[in-house]
Amino acid sequence: VEKIAAASVRVSVENLNRLSGFAGECLVEAKTLHPFTQTVQRIKQRQTRLGKGIEQALEALRKESEVEAQARLEEALGESGWIHSAIPLFQTDLERFSGKLEHLANRLYDEAVASRMRPFSDGLHGFARMVRDMAKSLGKNVRFTTKGETTPVDRDILEKLEAPLTHLLRNALDHGLEMPEARAQAGKSPEGKLNLADRDCAGACGNSGHG
């Protein structure tokens, strides 16, 4: 039977602790929904009484019992007043709860995304040796540097970067860097420079490339 290894993600203790903390906060907030359910139930009961009171008042009017009709209408008016005052308070509490829950959900989402991130440097292993070996085979001198090693990158994207980055580096060495003699004749240092940087660092730290 072929065994397929389950995909796994390494999560730091700090990430795990924060995720557990947010999960606990979500549980606490979920339990605060009970009072909202009770309030909705009370409003529903009061609305039922309101409708019943109006029906009784109409029935009393049909029987020409004005005193009874007035009493039923006063009761209905009381129920209507309670509902009128309860709904704004309920809406305020619900909006406050919704805001807290949305904020917590955003923090939980951000932490979950962060747990998938790995530093850009994790995807750079082997490039220095590859550049050195290729430069030697081409008879070229190069100083290879990297920038932005701490930039967080999604683990799936990082794993897919190896092939295109290898292709770019090979092209830079093969076609973008002159032979030492040609560089010397052009007044350049025999040793060229090849810099691999993430996009943000390339803009802040100087253009990445070769020279």
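Of the 211 residues in this protein, 25% count as buried. Keep in mind as you look around that this is a predicted model.

**The overall layout**

Let's start with the big pieces. The secondary structure adds up to eight helices and five strands. If you walk along the sequence, you meet them in the order α-α-α-β-α-β-β-α-α-α-β-α-β. How many of the contacts between residues at least 6 apart join residues at least 24 apart in sequence? The share is 80%.

**A cluster of rings**

Now find Phe-36 in your viewer. Two aromatic pairs turn up in this model. In one of them, the rings of Phe-36 and Phe-90 have centres 5.9 Å apart, and their planes sit at 70 degrees, so this pair is called edge-to-face; the label applies because the angle is over 60 degrees. Phe-36 belongs to helix H2, which covers residues 33–62, while Phe-90 belongs to helix H3, and 54 residues separate the two along the chain.

Next comes the pair of Phe-36 and Phe-97, with ring centres 5.4 Å apart and planes at 50 degrees, so this pair counts as tilted. Phe-97 is in helix H3 and Phe-36 in helix H2, so the pair ties together parts of the chain that are 61 residues apart in sequence.

Are these rings buried or exposed? Phe-36 and Phe-90 are both buried, and Phe-97 is buried along with Phe-36. Put the ring pairs together and you get a cluster of Phe-36, Phe-90 and Phe-97.

While you're on helix H3, have a look at Ile-87, which is found there too. Ile-87 has a relative accessibility of 40%, so this residue counts as partly exposed. The C-alpha atoms of Ile-87 and Thr-39 are 9.2 Å apart, although their positions lie 48 residues apart along the chain.

**Charged partners**

There's plenty to see among the charged side chains as well: the structure holds 19 salt bridges. Here are three of them.

| Salt bridge | N to O distance |
|---|---|
| Arg-18 and Glu-111 | 2.9 Å |
| Lys-63 and Glu-59 | 4.0 Å |
| Asp-156 and Arg-116 | 2.6 Å |

Take Arg-18 and Glu-111, whose side chains meet at 2.9 Å. This pair links distant parts of the chain, with Arg-18 in helix H1 (residues 13–31) and Glu-111 in helix H3 (residues 66–115), 93 residues apart. The two partners don't share the same kind of surroundings. Arg-18 counts as partly exposed because its relative accessibility is 40%. Glu-111, at 10% relative accessibility, counts as buried, because buried means under 20%.

Then there's the salt bridge of Lys-63 and Glu-59. Lys-63 has a relative accessible area of 60%, so this residue is exposed. Glu-59 comes in at 33%, which means partly exposed.

The bridge of Asp-156 and Arg-116, with closest N and O atoms 2.6 Å apart, again links distant parts of the chain: Asp-156 is in helix H5, and Arg-116 is in the loop between H3 and strand S1 (117–119), 40 residues away. Asp-156 is partly exposed, with a relative accessible area of 32%, and Arg-116 is partly exposed too, at 27%. This bridge is part of something wider, as salt bridges that share partners join Arg-116, Asp-154, Arg-155, Asp-156 and Glu-159 into one network.

**A pocket to explore**

Glu-159 also leads us to another feature, since this residue is among those lining the second largest pocket. How much space lies in that pocket? About 160 Å³. Other lining residues include Arg-118, Asp-122, His-125, Phe-127, Met-130, Leu-158 and Arg-170.

Which elements give two or more residues to this lining? They are helix H4 (127–138), helix H5 (155–160) and helix H6 (162–175). H6 provides the largest share, with three residues. As for chemical character, the lining divides into three nonpolar, four polar and five charged residues.

How values were computed:
Residues numbered from 1 in each chain as written. Heavy atoms only, no water. 1 Å grid on protein atoms, 1.4 Å probe; cavity = no way out; pocket = protein on both sides within 12 Å on 5 of 7 lines; lining within 4 Å. Points joined across faces, edges and corners; volume = space filled by probe spheres on them. Helix = DSSP H or I, 4+ residues; strand = E, 2+ residues; numbered from the N terminus. Nonpolar A, V, L, I, M, F, W, Y, C, P; charged D, E, K, R; others polar. Buried < 20%, exposed > 50% of the residue type's maximum accessible area, 1.4 Å probe, protein only. Phe/Tyr/Trp six-rings, centres within 6.5 Å; stacked < 30°, edge-to-face > 60°. Contact = heavy atoms within 4.5 Å.
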